[in-house]
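This report goes through one protein chain, from its core outwards. Please have the sequence and the model at hand while reading.

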Amino acid sequence: VIGDDLNAFITGAREDAEGELDTLPITYAHTPSFVGSHITGYDNMMKSMMEQLNPTKAEKVVDEGRINIIPGFEPYLGSLAEVKEIAASFSDKIYMIGDHEAQWNTGAGGYSLYAGGTPLEIAKTAINAETTISLQKYSTVQT
């Protein structure tokens with residue numbers, strides 16, 4: 001939510017959970033009110049997720065041939081599905097980072113919480129990709 005101190009909220013939730021959330025990675029981004037637009041918020045969140053899922057900033061070990069695709073602020077689910085299909089025809093080492101296509105495409109009456117998406121292990125190792133392609137230049141200025 002714009003302007004909320006999510007770090008304080010997450011810290012409080014972890015304390016209240018009495019250990020249940022200690023090993024669960026919960027990412028957040030600072031999105032102060034009236035700074036940029038929804039595109040700025042998207043970029044802030046993508047950058048924060050990549051930094052927080054690899055907090056040690058360990059030495060990068062390049063995964064030869066791995067390519068990350070960041071779709072940007074893309075509302076058209078068919079576009080994401082098509083990009084993934086095209087990418088799969090080239091290699092099985094091309095991953096969409098921030099993949100929301102399946103989450104919003106579960107169908108009426110069959111909604112499944114956390115359907116699809118980028119697997120956590122893929123997101124955690126995104127830093128090791130040989131290449132990252134952003135499909136929307138202005139959606140990932142910081143990322």
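## Contacts of I97 and the core

Leaving out residues up to four places away in sequence, I97 touches M46, M50, R66, N68, I69, I70, P71, T118, I122 and A126. The model is a predicted one, and the contacts of I97 should be read in that light.

I97 also belongs to the largest nonpolar core, which has six residues. The other members are Y42, M46, I70, I122 and A126. In soluble globular proteins, nonpolar side chains tend to be buried together.

## The sheet

Three strands form an open sheet in the order 2-1-3, and their pairing is parallel. The edges are strand 2 (94-96) and strand 3 (129-134), each of which pairs on one side only. On average, neighbouring strands of this sheet are turned by 25° against each other, direction ignored.

Strand 1 (residues 63-70) pairs with strand 2 in the parallel sense over three bridges. In this pairing, I69 stands opposite M96 of strand 2. Strand 1 and strand 3 also run parallel and are joined by five bridges. Here I70, a member of the largest nonpolar core, stands opposite S134 in strand 3. From strand 1 the chain crosses through helix 3 to strand 2, and this β-α-β crossover is right-handed. Helix 3 (residues 77-90) lies across strand 1 and strand 2, and its direction is at about 165° to that of strand 2.

## The aromatic pair

How many aromatic pairs does a search of the whole structure find? The search finds one. It consists of Y42 and F73, whose ring centres are 6.1 Å apart and whose planes stand at 90°, so the pair is edge-to-face. Planes over 60 degrees apart count as edge-to-face. Y42 lies in helix 2 and F73 in the loop between strand 1 and helix 3, so the pair ties together parts that are 31 residues apart in sequence.

The two partners differ in burial class: Y42 counts as buried at 14% relative accessibility, whereas F73 counts as partly exposed at 37%. Y42 is also one of the residues of the largest nonpolar core.

## A buried asparagine in a loop

N54 is found in the loop between helix 2 (38-53) and strand 1. Is N54 buried or exposed? Its relative accessibility is 13%, so N54 counts as buried, because the class takes residues under 20%. Apart from its neighbours within four places in sequence, N54 is in contact with K124 and I127.

## Two exposed residues

E18 lies in the loop between helix 1 (6-16) and helix 2. With 73% relative accessibility, E18 counts as exposed. Its backbone deserves a look: E18 has a positive phi of about 50°, although it is not a glycine. Most residues other than glycine have a negative phi.

Y138 is placed in the segment after strand 3. At 62% relative accessibility, Y138 counts as exposed. Where does this segment stand relative to helix 2? One distance can be given: the C-alpha atoms of Y138 and D43 are separated by 8.7 Å, while the two residues are 95 residues apart along the chain.

Note on methods
Residues numbered from 1 in each chain as written. Predicted model: local features only at pLDDT ≥ 70, side-chain atom pairs only at ≥ 80, totals over all residues. Heavy atoms only, no water. Pairing = 2+ DSSP bridges. Helix = DSSP H or I, 4+ residues; strand = E, 2+ residues; numbered from the N terminus. Axes fitted to C-alpha atoms, helices over the stretch in contact; angles between N-to-C directions. Contact = heavy atoms within 4.5 Å. Core = buried A, V, L, I, M, F, W, Y, C linked by side-chain atoms within 4.5 Å. Buried < 20%, exposed > 50% of the residue type's maximum accessible area, 1.4 Å probe, protein only. Right-handed = clockwise from strand over helix to strand, strands pointing away. Phe/Tyr/Trp six-rings, centres within 6.5 Å; stacked < 30°, edge-to-face > 60°.
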